[in-house]
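Hi,

Here is the structure I promised to pass on. Have a look at it first, and my notes follow underneath.

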Amino acid sequence: MALANSIMFTTYALYYVNELGLNPFQLVLVGTFLELVIFLLEIPTGVFADTYSRRLSVIIAFFIMGAAYILEGNVVLISESLLQGAVSLFVLVVLAEMIRGVGETFLSGAQQSWITDEVGEERIGRLFVRAGQFQQIASITGIILSVVLSTIALNLPYVIGGGLYVGLAVYLLIAMKETNFRAAARDDLNSWSQMRATFKEGSSFVNKSPVLLLILIVSLFSGASSEGFDRLWEAHFITDIGLPTFNDWNSAVWFGIFGICGMLLGLLTNEVVIRRINLENRSVVRNLMLILVILKIICVIAFGLAPNLVWALASFWLLGMFNSVFYPLYSAWLNQHIESGTRSTVLSFLSQANAIGQTAGGPVIGWAGVRYTIRVSIVLSAVMLVPLVFVFQKLRRQKENG
């Protein structure tokens, strides 16, 4: 996954802007439609994973996502050859992203639930951080491939990345095992009763858990922040900061260099955390997450207000280092607070909150970029993260008082 994503997303902004001609508002709007699909389907697919099979849900996800990425890489060909230009490239990109969203919902929750059940809750903290290192190594390879492929054709990374997803799905059909999951009784598999029961159990668990209600808030505001930043940081480098003019290197090469340096720094940061911090101590993990959220806010603001390339790169790389630790720790900590039988469903509730945040906050941030500047959008993304500080502080106090 990391290899395929890195191949596609290192230079995706160049494909969107230079070849497809999307503006900042359209860039964010593409993500809004993606999140709308995720919002609508998160719960049903999460219940499916908890009722039938996490393994099957993951494999379905990879097949759908691979097909969507291949479609997205061929929108120009489809528009010109099959549709005679009757449908705009923007509409075709939105359609591809919405199909991708269907796959994302099958993957969301199911993947983490499968891993947690297979290895055990106490081991996932260290495992997720270590897995992050493997992802960064694969991503470095993907960045190099992305730059090379984009110099041949800007759409080629999407075609290759989508093919890797389909290949991964085929491989998992053969190699992926599921040993610690119990599906619903066979008599219930052909009815909706078991799925309704799983949904009710999962929603009841969320409603009765003060911790998960607070985490819903985290997911909501994280989604609102990430949608704007993730869609606009490349445009910020191109439009506001400016890329170096050295040896006639194009934007793809520079983004590749930025990405590789960021991955190496993240790899080093994860190793330091694994060696120096007791990731099995939940109190330590909670305190570390609070610190990382504060540092993330500072870095996003610094990136948005950066007056030059050095400042922008320093804040951007620091943000990547903090994210490389925060997200695996957050995922591990979250899975430790959810019962196994409804884990996928509960994670889907949280992912749905993230989708709501992205759907509601993304267009606002995108509009600010068109109405004012992309700098304003980036800073607004940081503001969206501020509530997370209060939530993590409250979570920390609850555990201390308990």
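**What I found**

If you skip the neighbours within four places in sequence, Asn323 is in contact with Lys296 and Pro328. Before going further, keep in mind that this is a predicted model. Asn323 sits in helix H14, which covers residues 309-335. Is Asn323 buried or exposed? Its relative accessibility is 18%, and the cut-off for buried is under 20%, so Asn323 counts as buried.

Gly320 is in helix H14 too. Here the relative accessible area is 32%, so Gly320 is classed as partly exposed. You can also find Thr269 from there: the C-alpha atoms of Gly320 and Thr269 are 9.9 Å apart, although 51 residues separate the two along the chain.

Next, the nonpolar core. The largest one has 93 residues, and Tyr16, Ile215, Phe237, Tyr330 and Phe392 are the ones with the most contacts inside it. Which helix gives the largest share of this core? That is H11 (residues 210-241), with twelve residues. If you want one residue to click on, try Phe237. Leaving out neighbours within four places in sequence, Phe237 is in contact with Gly242, Leu243, Phe255, Phe258, Phe303, Leu309, Ala312, Leu313 and Phe316.

Then there is a helix pair to look at. H4 (residues 54-73) packs against H6 (residues 89-107) at an angle of about 165°, and their axes are 7 Å apart. Angles over 145 degrees count as roughly antiparallel, so that is the label for H4 and H6. The crossing of H4 past H6 is left-handed. On the H4 side, the residues making the contact include Val58, Ala61, Phe62, Met65 and Tyr69, while H6 brings in, among others, Val93, Ala96, Arg100, Gly103 and Phe106. What kinds of residue make up this contact? There are 15 nonpolar, two polar and four charged residues in the contact of H4 with H6.

Last stop is helix H7 (residues 110-119), where Ala110, Ser113, Ile115, Thr116 and Asp117 are buried. Right after H7 comes Gly120, which has a positive phi, near 100°.

To recap the places to click through: Asn323 and Gly320 in H14, Phe237 in the largest nonpolar core, the packing of H4 with H6, and Gly120 after H7.

Cheers

Key: Residues are numbered from 1 along each chain as its sequence is written. This is a predicted model: local features need pLDDT of at least 70, side-chain atom pairs count only at pLDDT 80 or more; totals for chains, interfaces and linings use all residues. Side-chain values use heavy atoms; hydrogens and water are left out. Axes are lines fitted to C-alpha atoms, for helices over the stretch in contact, and angles run from 0 to 180 degrees between N-to-C directions. Helices (H or I, at least four residues) and strands (E, at least two) are DSSP runs, numbered from the N terminus. Angles under 35 degrees count as roughly parallel, over 145 as roughly antiparallel, 65 to 115 as roughly perpendicular and the rest as oblique. A crossing is left-handed if the near helix is turned anticlockwise from the far one by less than a right angle, and right-handed if clockwise. Contact means heavy atoms within 4.5 Å. Ala, Val, Leu, Ile, Met, Phe, Trp, Tyr, Cys and Pro count as nonpolar, Asp, Glu, Lys and Arg as charged, and the others, Gly among them, as polar. Buried means under 20% relative accessible area, exposed over 50%, partly exposed in between (1.4 Å probe, protein chains only). A nonpolar core is a set of buried Ala, Val, Leu, Ile, Met, Phe, Trp, Tyr and Cys residues joined through side-chain atoms within 4.5 Å.
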